[in-house]
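Trainee: Please pick one spot in this model and look at it closely. Then work outward, so that I can place it in the rest of the chain.

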Amino acid sequence: MPIKLENVGIAVRDLEAAIAFFTDLGLTVLGRDEVSGDWTDTAVGLDGNHARIAMLQTPDGNGRLELFEYIHPEAIETEPTRPNEIGMHRVAFSVDDIDEALAIAARHGCHPLRGVATYEDIYRLTYVRGPSGIIVMLAQELTRS
């Protein structure tokens, strides 16, 4: 059976702030909507599901993020995910210039968890705490195959 990754969904507390962060990093908004009704209750598994959503895409067209801000039921605040917790914990992006990407992230109040590391002279990479506490990995390839 062929399978293809469609998108990664991320619940955010402020849809506009999350869109601004990811579009400044280079993603584009493919569409926005407000969804509710029986079909969303069934698909998501929440009664009374009502959310504002935005679909974003990476410049290469291969990666998509679906961001959603719940109107109902009320969003549940949790502690930000830590890198060693079980479950979904980060979204990763390759960037041409990690220093430029970090400057963009900083304009949104988002900074590395610790710093920028170099992995075997192949990548410079870091984890950034993004909007709504999302961990975003930024990686710059140092060598080309």
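Mentor: Start with a term. A polar contact is a pair of N or O atoms within 3.5 Å; within protein, one must be able to donate a hydrogen and the other to accept it. Now apply it to T58. Its side chain makes such a contact with the side chain of D60, at 2.6 Å. Keep in mind that this is a predicted model.

Where is T58? It lies in the loop between β3 (50–57) and β4 (64–72). Is T58 buried or exposed? The cut-off for buried is under 20% relative accessible area. T58 has 13% relative accessibility, so it counts as buried. Now look for partners beyond its neighbours within four places in sequence. T58 touches L27, G63 and F93. Remember F93; it comes back below.

The loop belongs to a hairpin. Six residues separate β3 from β4 there. Within this hairpin, G61 takes a positive phi near 80 degrees.

Follow the two strands away from the loop. β3 and β4 run antiparallel, joined by eight bridges. Two pairs to find on screen: I53 stands opposite F68 in β4, and A51 stands opposite Y70 in β4. Strands of a sheet pair through backbone hydrogen bonds, either parallel or antiparallel.

β3 has another partner, β2 (residues 28–36). Those two strands also run antiparallel, with eight bridges between them. Here E34 faces R52 in β3, and R32 has A54 as its bridge partner in β3. How enclosed is β3? Six of its eight residues are buried, so the rest of the structure largely encloses this strand.

β4 has another partner too. β1 pairs with β4 in the parallel sense, over four bridges. V8 stands opposite L65 in β4.

Put these strands together. They form an open sheet of four strands, in the order β1-β4-β3-β2, with mixed pairing. β1 and β2 stand at the edges. Each has a single partner strand, so one side of each is left without a neighbour in the sheet. From one strand to the next, the twist averages 20 degrees.

Now the second sheet. It is also open and has four strands, in the order β5-β8-β7-β6, again with mixed pairing. The edges are β5 (91–94) and β6 (117–119); each has a single partner strand, so one side of each lacks a neighbour in the sheet. The twist here averages 30 degrees from one strand to the next. Inside this sheet, β7 (residues 123–129) and β8 (residues 135–141) run antiparallel over seven bridges. One bridge pairs Y123 with E141 in β8. Helix α3 (residues 98–107) packs on the sheet and touches β7 and β8. The direction of α3 makes about 10 degrees with that of β7.

Back to F93, the partner of T58. F93 is in the largest nonpolar core, which has 27 residues. It is among the residues with the most contacts inside that core, along with I10, F22, L65, L67, V136 and L138. Which elements supply at least two residues each? They are β1 (8–11), α1 (15–24), β3, β4, β5, α3 and β8. So T58 contacts a residue of this core.

Take L138 as one example from that core. Leaving aside neighbours within four places in sequence, L138 is in contact with L25, F93, V95, I98, A101, L102, R124, L125, T126 and V128. F93 thus appears in the contact lists of both T58 and L138. There is also a second, separate core of five residues, including V35, A51, I53 and Y70. In soluble globular proteins, nonpolar side chains tend to be buried together.

Finish with the whole chain. It has three helices and eight strands. From the N terminus on, the elements run β-α-β-α-β-β-β-α-β-β-β. Of the 145 residues, 32% are buried. The C-alpha atoms fill a box of roughly 50 × 35 × 30 Å along the principal axes. The chain exposes about 9,300 Å², of which carbon and sulfur atoms supply 51%. Among contacts between residues at least 6 apart in sequence, 53% join residues at least 24 apart.

Note on methods:
Residues are numbered from 1 along each chain as its sequence is written. This is a predicted model: local features need pLDDT of at least 70, side-chain atom pairs count only at pLDDT 80 or more; totals for chains, interfaces and linings use all residues. Side-chain values use heavy atoms; hydrogens and water are left out. Two strands pair if DSSP finds at least two bridges between them. Axes are lines fitted to C-alpha atoms, for helices over the stretch in contact, and angles run from 0 to 180 degrees between N-to-C directions. Contact means heavy atoms within 4.5 Å. Buried means under 20% relative accessible area, exposed over 50%, partly exposed in between (1.4 Å probe, protein chains only). Accessible areas come from the Shrake-Rupley method with a 1.4 Å probe; for residues, only the protein chains shown count as cover. A nonpolar core is a set of buried Ala, Val, Leu, Ile, Met, Phe, Trp, Tyr and Cys residues joined through side-chain atoms within 4.5 Å.
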